[in-house]
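Trainee: Got a minute to look at a model with me? I'd like to talk it through.

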Amino acid sequence: MHHDATAGGHRHHDSTAATGHDGPRHPDVDEETARFWEEHYGRHERVWSGRANPILVDVAGQLPAGTVLDLGCGEGGDAVWLAGQGWRVTAVDVSETALARASEEASAAGVASRIEFRRHDLTRTFPPGEYDLVSAQFLQSPLEFPRAQLLQAAARAVAPGGRLLVVEHGEAPPWGRHDHAHAHFPTPQETFAALDLDPERWDTERLDAPHRQATGPHGETGHLVDNVILVRRTR
Ligand SMILES: C[S@@+](CC[C@H](N)C(=O)[O-])C[C@H]1O[C@@H](n2cnc3c(N)ncnc32)[C@H](O)[C@@H]1O
């Protein structure tokens with residue numbers, strides 16, 4: 001799917017190769033991953049609720065706006081909210097469909113100039129640079145993928161004084177139990193341990209698992225457990 005960069009914020013491709021899942025193979029994207037997420041987004045007109053994730057809002061809302069890297073940005077709810085708060089956002093996802101929708105939302109919200117959308121399969125390539133905030137919101141998948149390595153790369157992308165915020169399902173969401181039948185849901189402590197952070201260089205600001213009521217993709221209400229891992233790079 002092609003999206004006009006001038007109408008929908010900055011789209012950046014790291015390769016000149018075509019990237020659509022029906023198009024030629026992309027050397028930096030795992031085909032099964034791309035197919036899975038294209039199908040996920042293709043099943044619905046739009047999964048985007050227009051709302052940012054509440055824990056991100058809570059955390060980022062208390063920080064001065066800076067640069068932020070949104071990993072697995074999906075349809076852009078967080079990226080658009082962050083840009084509206086004055087952050088300069090780099091928003092990354094493997095799904096072309098999700099990125100195109102996110103880009104349209106950014107334009108509609110008038111914040112496209114503050115967001116750079118980039119397509120990456122984060123298990124293959126990772127955006128360069130250091131950010132004041134790196135956010136991974138529900139960067140989970142029923143597919144096997146090297147999540148620990150990915151989260152370690154996320155930590156390496158944090159600038160001195162900056163933060164990494166990981167929010168993840170602590171148990172299968174009620175509306176996705178089938179999808180997640182074989183997935184492992186870590187404790188916040190397990191995810192924190194997998195980051196393998198040097199305690200001399202990192203402070204832990206949050207390591208908890210609050211429960212909340214939430215509305216699912218089809219309007220159903222359910223009980224969710226969110227693991228929250230918030231760490232600050234001291235130097
Ligand atoms: C569960 S969704 C969460 C989306 C969004 N962060 C949110 O909170 O609504 C996971 C997202 O990660 C993306 N994703 C999964 N594997 C990825 C990979 N290897 N590289 C980049 N993005 C990936 C998917 O396309 C999807 O948009």
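Mentor: Sure, let's go through the overall fold, one strand and then one residue, keeping in mind that this is a predicted model.

Trainee: How many helices and strands are there in the protein chain?

Mentor: The protein chain has 6 helices and 9 strands. Of its 235 residues, 48% count as buried.

Trainee: And the accessible surface, what does that come to?

Mentor: About 11300 Å², with 48% of that belonging to carbon and sulfur atoms.

Trainee: Okay, on to β6. Is strand β6 mostly covered or uncovered?

Mentor: Mostly covered: β6 spans residues 158–169, and 10 of its 12 residues are buried.

Trainee: Which strands does β6 pair with?

Mentor: One is β5 (residues 131–137), in the parallel sense over 6 bridges. The chain gets from β5 to β6 through helix α5 (residues 147–156), and that β-α-β crossover is right-handed. Another is β9 (residues 221–233), which pairs with β6 in the antiparallel sense over 7 bridges.

Trainee: Which residue in β9 is the bridge partner of Arg163?

Mentor: That's Arg232. As for the β5 pairing, Gln137 stands opposite Val167 in β6.

Trainee: Changing topic: where is Ala65?

Mentor: Ala65 sits in the loop between α2 (54–60) and β2 (67–71).

Trainee: Why doesn't Ala65 count as buried or exposed, but as partly exposed?

Mentor: Because its relative accessible area is 42%, and partly exposed covers the range between under 20% and over 50%.

Trainee: What does Ala65 touch, leaving out residues up to four places away in sequence?

Mentor: Gln85, Gly86 and Trp87. Also, the C-alpha atoms of Ala65 and Asp132 are separated by 8.6 Å, with the two residues 67 apart along the chain.

Technical notes: Residues numbered from 1 in each chain as written. Predicted model: local features only at pLDDT ≥ 70, side-chain atom pairs only at ≥ 80, totals over all residues. Heavy atoms only, no water. Helix = DSSP H or I, 4+ residues; strand = E, 2+ residues; numbered from the N terminus. Buried < 20%, exposed > 50% of the residue type's maximum accessible area, 1.4 Å probe, protein only. Contact = heavy atoms within 4.5 Å. Areas by Shrake-Rupley, 256 points an atom, 1.4 Å probe, with all protein chains shown as cover. Pairing = 2+ DSSP bridges. Right-handed = clockwise from strand over helix to strand, strands pointing away.
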